[in-house]
Amino acid sequence: MAAATTTPPRRCPGCGGRASRVHSAYRRRVVERPAGPLRMVVHLTVRRFFCDESSCPRKIFAEQIEGFTERCRRASVRLKA
């Protein structure tokens with residue numbers, strides 16, 4: 001399954017400031033709960049943003065989809081549970 005986000009820019013996890021500029025995007029594989037007898041893998045296009053706060057130590061961050069992805073995880077939140 002292929003998916004992509006369409007939400008507005010997120011807040012920086014480092015400082016909480018709103019991000020307005022997209023740095024890039026990449027494809028990420030996330031393993032989800034099986035759909036019956038089939039293994040489910042989501043090919044998710046994720047955006048990376050610039051943090052616009054000059055005092056923030058994080059200059060670039062990737063968006064996370066609440067309730068579905070977590071940083072550095074290859075399995076969905078539901079599969080982890």
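## Close-up views of a predicted model

**View 1. Arg29 and the residues around it.** Arg29 is placed in strand S2, and the model shown here, as in every view below, is a predicted one. Leaving out residues up to four places away in sequence, Arg29 touches Arg39, Val41, Val42, His43 and Arg74. The C-alpha atom of Arg29 is separated by 9.4 Å from that of Ala2, a residue 27 residues apart from Arg29 along the chain.

**View 2. The chain as a whole, for orientation.** The chain contains one helix and four strands, and these follow one another along the sequence in the pattern β-β-β-β-α. Along its principal axes, the C-alpha trace spans about 50 × 20 × 15 Å. Of the 81 residues in the chain, 26% are buried. Among contacts with a separation of 6 or more, 54% are made by residues that lie 24 or more positions apart.

**View 3. The largest nonpolar core and a second, separate one.** Six residues form the largest nonpolar core, namely Cys12, Ala19, Phe49, Cys51, Cys56 and Phe61. For Ala19, once neighbours within four places in sequence are set aside, the contacts are with Pro9, Arg10, Phe49, Phe50, Asp52 and Phe61. A second core of five residues, separate from the largest, has Val30, Leu44, Val46 and Phe68 among its members. As a general background to such views, nonpolar side chains tend to be buried together in soluble globular proteins.

**View 4. Thr69 in the loop between S4 and helix H1.** Thr69 is located in the loop that runs between S4 and helix H1 (77-80). Because its relative accessible area is 6%, under the 20% cut-off, Thr69 counts as buried. The side chain of Thr69 is joined to the side chain of Gln64 by a polar contact of 3.1 Å, and the side chain of Thr69 also reaches the backbone nitrogen of Ile65, at 2.8 Å. Not counting residues up to four places away in sequence, Thr69 touches Arg28, Val30, Leu44, Gln64 and Val77; two of these residues, Val30 and Leu44, are also listed in the second core.

**View 5. Thr5 in the loop between S1 and S2.** Thr5 is found in the loop between strand S1 (2-4) and S2. Is Thr5 buried or exposed? With a relative accessible area of 17%, Thr5 falls under the 20% cut-off and is therefore classed as buried. A polar contact of 2.7 Å links the side chain of Thr5 with the side chain of Glu63. When residues up to four places away in sequence are not counted, Thr5 touches Thr45, Arg47, Glu63 and Ile65.

**View 6. The largest pocket and its lining.** The largest pocket holds about 340 Å³ of space. Its lining consists of 18 residues, of which Tyr26, Ala62, Gln64, Arg71 and Cys72 are the closest to the centre of the pocket. Strand S2 (21-35) and strand S4 (60-62) each contribute at least two residues to this lining. Sorted by class, the lining is made up of 11 charged, six nonpolar and one polar residue. Gln64, one of the residues closest to the centre of the pocket, is also the partner of Thr69 in the side-chain polar contact of 3.1 Å shown in View 4.

Technical notes. Residues numbered from 1 in each chain as written. Predicted model: local features only at pLDDT ≥ 70, side-chain atom pairs only at ≥ 80, totals over all residues. Heavy atoms only, no water. Core = buried A, V, L, I, M, F, W, Y, C linked by side-chain atoms within 4.5 Å. Buried < 20%, exposed > 50% of the residue type's maximum accessible area, 1.4 Å probe, protein only. Contact = heavy atoms within 4.5 Å. 1 Å grid on protein atoms, 1.4 Å probe; cavity = no way out; pocket = protein on both sides within 12 Å on 5 of 7 lines; lining within 4 Å. Points joined across faces, edges and corners; volume = space filled by probe spheres on them. Nonpolar A, V, L, I, M, F, W, Y, C, P; charged D, E, K, R; others polar. Polar contact = N/O pair within 3.5 Å; in protein donor to acceptor, adjacent residues only side chain to side chain.
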